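Q: Please take a close look at a single part of the structure shown below. I should like to know where it lies, what surrounds it and how it fits into the chain as a whole.

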Amino acid sequence: MPMKSNIQTCDFDELGHALEKIETDQLLLIVDSRVWQHYQKALENHQPKNKNIILYKSLEGETTKTIEEYEKGLEFFLE
């Protein structure tokens with residue numbers, strides 16, 4: 001069965017509202033560790049209150065684009 005993905009874009013200020021509109025009670029988010037360093041407080045402030053969010057902080061930049069990092073992310077979410 002093919003994976004059903006819903007890829008969306010939004011302005012950073014609309015992030016919380018965009019996440020709230022997704023019809024699920026749990027979200028799995030992957031965030032680049034460099035992005036997390038710079039935007040942690042803003043991202044935390046935009047998290048919707050009605051969703052369980054599981055956050056995986058990946059390696060930064062090109063180093064995250066490997067099969068090994070992909071496997072680490074999958075293992076993290078499956079635990």
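A: Phe76 has a relative accessible area of 33%, so it counts as partly exposed, since that class runs between the cut-offs of 20% and 50%. This description, like those that follow, concerns a predicted model.

Phe76 belongs to an aromatic pair, and the structure holds four aromatic pairs. In this one, the ring centres of Tyr56 and Phe76 are 5.2 Å apart and the planes meet at 45 degrees, so the pair is described as tilted. The reason lies in the angle: 45 degrees falls between the limits of 30 degrees for stacked rings and 60 degrees for edge-to-face rings, and therefore the pair belongs to neither of those classes. The pair links distant parts of the chain, because Tyr56 is in strand β2 and Phe76 is in helix α3 (residues 67-78), 20 residues apart. Its partner differs in exposure: Tyr56 is buried, because its relative accessible area of 11% is under the cut-off of 20%. Together with Phe77, Tyr56 and Phe76 form one aromatic cluster.

Both elements joined by this pair can be followed further. Strand β2 covers residues 52-58, and Ser58 is part of it. Ser58 is buried as well, with a relative accessible area of 7%. Leaving aside residues up to four places away in sequence, Ser58 touches Ile30, Val31, Asp32, Ser33, Thr64 and Glu69. With Thr64 there is a polar contact between the two side chains, at 3.3 Å.

Glu69, one of the residues touched by Ser58, leads back to helix α3, where Glu69 and Lys72 both lie, three residues apart, or about one turn of the helix. The side chains of Lys72 and Glu69 meet in a salt bridge, with a distance of 3.9 Å from N to O. Side chains of opposite charge can pair when their charged atoms come close. In this pair, Glu69 is buried at 6% relative accessible area, whereas Lys72 is partly exposed at 47%.

The structure holds three salt bridges. One of them joins the side chains of Glu60 and Arg34 (2.8 Å, N to O). That bridge links distant parts of the chain, with Glu60 in the loop between β2 and α3 and Arg34 in helix α2, 26 residues apart. Glu60 is partly exposed at 32%, and Arg34 is partly exposed at 41%. Another salt bridge is formed by the side chains of Glu62 and Lys65 (2.9 Å, N to O), and both of these residues are exposed.

Helix α2, which spans residues 33-45, also contains Tyr39. Tyr39 is partly exposed at 43% and forms a nonpolar surface patch with Phe12 and Val35, with about 260 Å² of accessible area together.

The wider setting may now be added. The chain contains three helices and two strands, and from the N terminus these elements run α-β-α-β-α. Of its 79 residues, 19% count as buried; Tyr56 is buried, while Phe76 is partly exposed. Among contacts between residues at least 6 apart in sequence, 71% join residues at least 24 apart.

Conventions
Residues numbered from 1 in each chain as written. Predicted model: local features only at pLDDT ≥ 70, side-chain atom pairs only at ≥ 80, totals over all residues. Heavy atoms only, no water. Helix = DSSP H or I, 4+ residues; strand = E, 2+ residues; numbered from the N terminus. Buried < 20%, exposed > 50% of the residue type's maximum accessible area, 1.4 Å probe, protein only. Polar contact = N/O pair within 3.5 Å; in protein donor to acceptor, adjacent residues only side chain to side chain. Contact = heavy atoms within 4.5 Å. Patch = residues over 30% accessible without salt bridge, like charges linked within 9 Å, V, L, I, M, F, W, Y side chains within 5 Å. Areas by Shrake-Rupley, 256 points an atom, 1.4 Å probe, with all protein chains shown as cover. Salt bridge = Lys/Arg side-chain N within 4 Å of Asp/Glu carboxyl O. Phe/Tyr/Trp six-rings, centres within 6.5 Å; stacked < 30°, edge-to-face > 60°.
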